[in-house]
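Please load the coordinates in a viewer and keep the sequence panel open beside them. The tour below proceeds by selection, and each stop states what is to be found there.

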Amino acid sequence: MPYTPAPGYTPVFKPALPYHHLLPGGLQPGTSVYVQGVVSQCAKRFSVDFAGGQDGGVNIPVHFNPRFDGNDKIVLNTFQDGKWDTEEHQQMPFHKGKHFEIIFTVRDEEYQILVNTNPVFSYKHKMPPQSVKVVTIGGDLELQSLAVIEEPKKEKMLVMRDCGEGIPEHHLMLWAPAIFHPSMPFKNNIPGGLKPKMTFVIRGSVPNNAGGFAINFVAGPDIALHINPRLNQRSVVRNSFLRGSWGDEETDVPYNPFEYGHYFELSIRCGQYRFIVYANNEYFFSYTHRYIHFPQINTLTIGGDVNISYVQY
């Protein structure tokens, strides 16, 4: 069934530029910053700045600046104590009019930078990453997504806002290291099976010619939760496959976060009575458990017309 967006809701993240993403606690080793969008057709340059604040003249530990000026290149630099350091130059991996994904990962000695799944270069720390208080993006691009994801240690609990179980705030359990750009179709074991409060974070993008894809939580021959965005029908189907047959489909959603050529982030939490799903930081849907033997739900699969850039749980 076609979806009807909630009144006043815009499902695609297209902020005005420059866009400022605040980081009150600074950056820590293990943190990754995802930036996704489209380079303007007539682009001259754009920038991603890891800065000490939003005001002019503040320190900028990392200035990432693709320039399309006939001698296309990426400029990396640091602005400290009122002056720029020596520029570092890298070859241009971006193309006008094309989608891109940049992943900045903070390591102990440097930033590791990937563009469109390819390790491109590293940039040595010239200032402590903890001094970065804002990520600012501006210039000739359409920004579609910006996310900051910490690399959790085992049993680290991330405090998130309430997502539908009547708790003022809840804790989301992330147990395993992140999986970057897995081969598709994706199939991975859930060690020890599903656990209450366990959360699965999936980031990806929808190809322009996509028909649909599926995310499955599998228990042997059964599928406890089947999430099936159908791009050609503009619907998001949820269901379970139990004892050899499919159950009743659920299709109602307040909006559809899956757009051709756009990135998405899903957060899928196992609650006591239901799965609770957020999309692009907005509540998306809940799905009452039809299969309650959680330890037997021990496999996550993703397949179909989708590009996956990140999986963690």
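**First stop: strands β25 and β18**

Select F217, and then L300 in β25, which stands opposite F217. This is a predicted model, in which local features need pLDDT of at least 70 and side-chain atom pairs count only at pLDDT 80 or more, while totals for chains, interfaces and linings use all residues. Residues are numbered from 1 along each chain as its sequence is written, and side-chain values use heavy atoms, with hydrogens and water left out.

Extend the selection to strand β18 (residues 213-219) and strand β25 (residues 299-304), which pair in the antiparallel sense over six bridges. Strands here are DSSP runs of E with at least two residues, and helices are runs of H or I with at least four, both numbered from the N terminus. Two strands pair if DSSP finds at least two bridges between them.

Next select T299, which lies in strand β25. T299 is buried, with a relative accessible area of 14%; buried means under 20% relative accessible area, exposed means over 50%, and partly exposed is in between, with a 1.4 Å probe and protein chains only. The C-alpha atoms of T299 and F217 are separated by 5.9 Å, although the two residues are 82 apart along the chain. Leaving aside residues up to four places away in sequence, T299 touches K187, N188, I190, N216, F217 and V218, where contact means heavy atoms within 4.5 Å.

**Second stop: the six-stranded sheet**

Now show the whole open sheet of six strands, whose order is β16-β25-β18-β19-β20-β21 with antiparallel pairing. β16 (186-189) and β21 (245-246) stand at its edges with a single partner strand each, so one side of each is left without a neighbour in the sheet.

From β16, move into the loop between β16 and β17, where G192 is found. G192 counts as exposed, at 62% relative accessibility. Select F294 as well: its C-alpha atom is separated from that of G192 by 9.4 Å, with the two positions 102 residues apart along the chain.

**Third stop: strand β22**

How many residues of strand β22 (residues 263-270) are buried? Eight of the eight are, so β22 is largely enclosed by the rest of the structure. Colour its two faces separately: Y263, E265, S267 and R269 lie on one side, F264, L266, I268 and C270 on the other, and all are buried. C270 has a relative accessible area of 0%.

Then add the partners of β22. Strand β17 (residues 199-205) runs antiparallel to β22 and is joined to it by seven bridges; T199 stands opposite R269 in β22. Strand β23 (residues 274-279) pairs with β22 in the antiparallel sense over five bridges, and L266 stands opposite A279 in β23. A hairpin of three residues joins β22 to β23.

**Fourth stop: the nonpolar cores**

Select I215, I268 and F284, which touch the most other members of the largest nonpolar core, a set of 40 residues. A nonpolar core is a set of buried Ala, Val, Leu, Ile, Met, Phe, Trp, Tyr and Cys residues joined through side-chain atoms within 4.5 Å. Not counting residues up to four places away in sequence, the contacts of I215 include I202, L225, L266, I268 and L300. Apart from this core lies another, of 32 residues, among them F46, F64, V132 and L143.

**Fifth stop: the five-stranded sheet**

Select the open sheet of five strands in the order β10-β9-β8-β2-β12, again with antiparallel pairing. β10 (118-124) and β12 (141-149) are the edge strands, each with a single partner, so one side of each is left without a neighbour in the sheet. Strand β9 (residues 110-115) pairs with β10 in the antiparallel sense over six bridges. To inspect this pair, select Q112 and its bridge partner S122 in β10.

**Last stop: cysteines and the whole chain**

Select C42, which is exposed, with a relative accessible area of 64%. Counting pairs of cysteine sulfur atoms within 2.5 Å as disulfides, the total comes to zero.

Finally, show the complete chain, which has zero helices and 26 strands. Buried residues make up 51% of its 313 residues. Among contacts between residues at least 6 apart in sequence, 63% join residues at least 24 apart.
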